[in-house]
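Here are a few exercises to work through with the sequence and the 3D view open side by side. Try each task yourself before you read the solution.

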Amino acid sequence: MNHNLQHLFSIAQKPSKMGVGLMSGTSLDGLDIALCKFTGNGLSTHFELVQFITIPYPDDFKLQVQQVFARRNADLEKVTLLNAYIGSYHAELILQALAQWKVDPQEVDFIASHGQTIYHAPQRLHQHKNYPNATLQIGDGDHIAVKTGILTISDFRQKHIAAGGEGAPLALYGDVLLGNKTGQNRVLLNIGGIANLTWLPGEGDFNRVLCTDIGPGNTLIDAACRKYFNKPFDEDSAIAYSGQVNDDLLTALLSQPFFDEKAPKTTGPELFNLAMIAEAQQRSGTGQISGEDLICTLSAFTAASIAGFVKENITGDHVKIFTSGGGARNPFVIAELKKLLPQAAIEDSSLLGINPDAKEAILFALLGNEALCGEPIRIGVNPAVLMGKFCFPV
Ligand SMILES: Nc1ncnc2c1ncn2[C@@H]1O[C@H](COP(=O)(O)OP(=O)(O)OP(=O)(O)O)[C@@H](O)[C@H]1O
Ligand SMILES: CC(=O)N[C@H]1[C@@H]2OC[C@@H](O2)[C@@H](O)[C@@H]1O[C@H](C)C(=O)O
C-alpha cells in the first residue's frame with residue numbers, strides 16, 4: 001500500500017488530532033495560523049485553540065497579489081507563479097510559527113489550508129448561463145505538504161460548488177458545529193473583507209439555519225483608505241470619526257441590486273470595489289466629498305447593510321449577535337450596528353470561547369478534521385459534503 005495512505009488511515013483513526021488551520025482572507029492583511037487540538041467530529045467536536053498568530057504580509061507581497069486579485073484581466077504567468085509561491089511561502093510561515101511555539105512539525109497531524117482567493121465568480125456575478133458557479137484559491141497544497149512534511153488538506157471550496165453551492169460561506173459548517181445552542185437565538189457575524197453571518201435559531205432546527213454573505217465588511221473602507229490616505233485600513237475608525245455620513249451617497253450605495261437578491265448568496269471585491277463606489281458617487285452627485293466623509297459613509301454603509309439584512313431575515317426574541325473578524329475591531333462600524341439594532345445583544349465571539357481573530361483559521365482546521373474523520377451533515381439547502389483535497393508530503 002502507498003505508505004501515504006497508511007499514514008492517512010492512522011491519522012484519521014486517532015482519537016485526538018493536532019491540526020493547523022490557515023486563512024488568508026480578502027483583506028490581504030496577513031496569514032492567520034491556528035494550531036488546534038480536536039477530539040471527536042461533527043456535532044461532538046471538541047476543540048481547543050492551542051496557539052494562534054496572524055503573520056502580517058509584507059507590502060511587496062500584497063502588491064504582487066493585488067496585481068491579480070479580483071481582476072478580470074490578469075497576467076496568467078503571474079497567477080501561475082503566485083500559485084506555487086504562495087504555497088511555498090505559507091509553508092515557510094507555518095514552520096516559523098511552529099518554531100516560535102516550540103512545536104515540532106511531527107506533532108502536527110494535518111494542515112488545512114484555505115489558500116488565497118484571487119477570483120470569486122458565482123453565476124450571479126459572471127452571468128454566463130452555460131458556466132457554473134466558480135471560485136479560485138491559489139497557494140498550492142502540495143508545496144505546503146512537501147515543505148513542512150505535514151499532510152495538507154486544501155482547496156476546500158471546489159467540492160461545495162460541485163455539490164451545488166457557491167463555494168462559500170463555509171463558515172456555516174463551523175458555526176453549526178461550534179456555535180449552535182438549543183434555546184438561544186444566535187447570529188455569528190464575521191466582518192472580514194466581506195461580511196457574512198450564520199443564523200442559528202434556538203429551536204435547533206437545521207432546516208432554518210441560514211448562512212450567507214451580506215455585503216462589504218472592510219473591503220471598501222480599506223480600498224478607500226489605500227487610495228485617499230495611503231493607509232491599509234482605518235485604524236480604530238480614526239478617519240471615520242473625523243468625517244460625516246453623506247446620506248445621499250449612503251442611499252446610493254444601499255441601492256446595489258445584490259442586496260435584493262435572496263440569501264444564501266456570496267460576493268467579493270469583484271463587485272464591492274472602488275469602481276462600485278465611483279458609480280454610486282456619480283449617481284448621487286457626491287463625487288466631491290472629502291476623503292474623511294467618504295470613509296465615514298463607507299463605514300456606515302457596512303453597518304447599515306448588515307443591520308438591514310438582520311432586520312429583514314432574522315426573526316425571534318433575544319437574538320444574540322457574536323462578532324468576529326477584523327471589522328469587529330472597527331469601533332465606528334460596531335457602534336453604528338448597535339444603534340441600528342437596539343434590540344440585539346452584540347458581543348464578540350470570545351463569549352462563545354472562539355477567538356474572534358482566529359475564527360476563520362479555526363474553521364479550516366475544523367473542516368480538515370471533518371475531511372479526515374467526519375460524515376457529511378445536512379443543514380438546510382446547503383451541500384452536505386466533506387471538503388478538501390489531500391496533499392501528501394512525499
Ligand atoms: N483596529 C482596527 N480598526 C479598524 N479596523 C480594523 C482594525 N483591526 C482590523 N481592522 C479591519 O479588519 C481587516 C482585517 O480583517 P480580517 O482579517 O477579518 O479580514 P479577512 O480575513 O482578510 O477577510 P475575509 O473574511 O473577507 O476573507 C483590516 O483590513 C481592517 O479593515
Ligand atoms: C470566496 C471567498 O474566499 N470568500 C470568503 C470571503 O471572506 C468572507 C466571505 O467572503 C466568505 O464568504 C468567504 O470566507 C469565509 C471563510 C467562508 O467561506 O465562510
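Helices here are DSSP runs of H or I with at least four residues, numbered from the N terminus. Keep in mind that this is a predicted model.

**Exercise 1. Find which helices each supply at least two residues of the lining of the largest cavity, and then look at the second largest cavity.**

Solution.

Step 1. Start with the count: there are two cavities of 30 Å³ or more. The largest cavity holds about 100 Å³ of space, and the second largest holds about 90 Å³.

Step 2. Go round the wall of the largest cavity. Its lining is made up of Tyr 173, Leu 177, Leu 367, Glu 370, Glu 375, Pro 376, Ile 377, Ile 379, Val 385, Leu 386 and Met 387.

Step 3. Match those residues to helices. H7 (171–179) and H14 (359–373) each give at least two residues to this lining.

Step 4. Sort the lining by class: nine residues are nonpolar, none is polar and two are charged.

Step 5. Now do the second largest cavity. Around it sit Ala 171, Gly 174, Asp 175, Leu 178, Asn 190, Ile 354, Lys 359, Glu 360, Ile 362 and Leu 363. Here too, H7 and H14 each supply at least two lining residues. By class you get five nonpolar, two polar and three charged.

**Exercise 2. Work out how helix H8 is set against H11 and against H12.**

Solution.

Step 1. Two numbers are what you want, since two packed helices are described by the angle between their axes and the distance between the axes.

Step 2. Take H8 (residues 219–229) and H11 (residues 274–284): their axes come within 10 Å and cross at roughly 85 degrees. Angles of 65 to 115 degrees count as roughly perpendicular, so H8 is roughly perpendicular to H11.

Step 3. See who touches whom. H8 brings Leu 220, Ala 223, Ala 224 and Lys 227, while H11 brings Leu 274, Met 276 and Ile 277. That contact has six nonpolar residues, no polar ones and one charged.

Step 4. Move on to H12 (residues 291–313). Its axis and that of H8 come within 9 Å and cross at roughly 175 degrees. Anything over 145 degrees counts as roughly antiparallel, so that is how H8 runs relative to H12.

Step 5. List this contact as well. From H8 come Leu 220, Ile 221, Ala 224, Cys 225, Tyr 228 and Phe 229, and among the partners in H12 are Leu 294, Ile 295, Leu 298 and Phe 301. The tally for the contact is 10 nonpolar, three polar and one charged.

**Exercise 3. Say which residues of H8 are buried and what lies around the helix.**

Solution.

Step 1. The buried residues of H8 are Thr 219, Leu 220, Ile 221, Asp 222, Ala 223, Ala 224 and Cys 225.

Step 2. These residues pack against strands S8 (194–200) and S9 (210–216), and against helices H9 (238–241), H11, H12 and H13 (331–340).

Step 3. H8 also helps line an open space. The second largest pocket has about 470 Å³ of space. Of its 17 lining residues, Phe 69, Arg 71, Ala 223, Arg 226 and Asn 273 are the closest to its centre. H8 gives the largest share of this lining, five residues. By class, the lining has eight nonpolar, five polar and four charged residues.

Step 4. Look just past the end of H8: Asn 230 has a positive phi of about 50 degrees.

**Exercise 4. Track down some backbone oddities in the loops.**

Solution.

Step 1. Look for cis peptide bonds. One runs from Ala 168 to Pro 169, with omega near -15 degrees, and Pro 169 sits in the loop between H6 (157–162) and H7. Another joins Ala 263 and Pro 264, with omega about 5 degrees; Pro 264 is in the loop between H10 (247–254) and H11.

Step 2. Check for positive phi outside glycine. Leu 28 has phi near 55 degrees and lies in the loop between S1 (16–24) and S2 (30–39). Ser 237 has phi near 60 degrees and lies in the loop between H8 and H9.

Step 3. Buried or exposed? Residues under 20% relative accessible area count as buried, so Leu 28 at 2% is buried, and Ser 237 at 0% is buried too.

Definitions and conventions
Residues are numbered from 1 along each chain as its sequence is written. Chains are lettered from A and ligands numbered from 1 in the order in which they are written. This is a predicted model: local features need pLDDT of at least 70, side-chain atom pairs count only at pLDDT 80 or more; totals for chains, interfaces and linings use all residues. Side-chain values use heavy atoms; hydrogens and water are left out. Axes are lines fitted to C-alpha atoms, for helices over the stretch in contact, and angles run from 0 to 180 degrees between N-to-C directions. Angles under 35 degrees count as roughly parallel, over 145 as roughly antiparallel, 65 to 115 as roughly perpendicular and the rest as oblique. Contact means heavy atoms within 4.5 Å. Ala, Val, Leu, Ile, Met, Phe, Trp, Tyr, Cys and Pro count as nonpolar, Asp, Glu, Lys and Arg as charged, and the others, Gly among them, as polar. On a 1 Å grid over the protein atoms alone, a cavity is a set of points where a 1.4 Å probe fits but cannot get out, and a pocket is an open set with protein on both sides within 12 Å along at least five of seven lines; lining residues have an atom within 4 Å of a point. Grid points are joined across faces, edges and corners, and a volume is the space filled by probe spheres set on the points. Buried means under 20% relative accessible area, exposed over 50%, partly exposed in between (1.4 Å probe, protein chains only).
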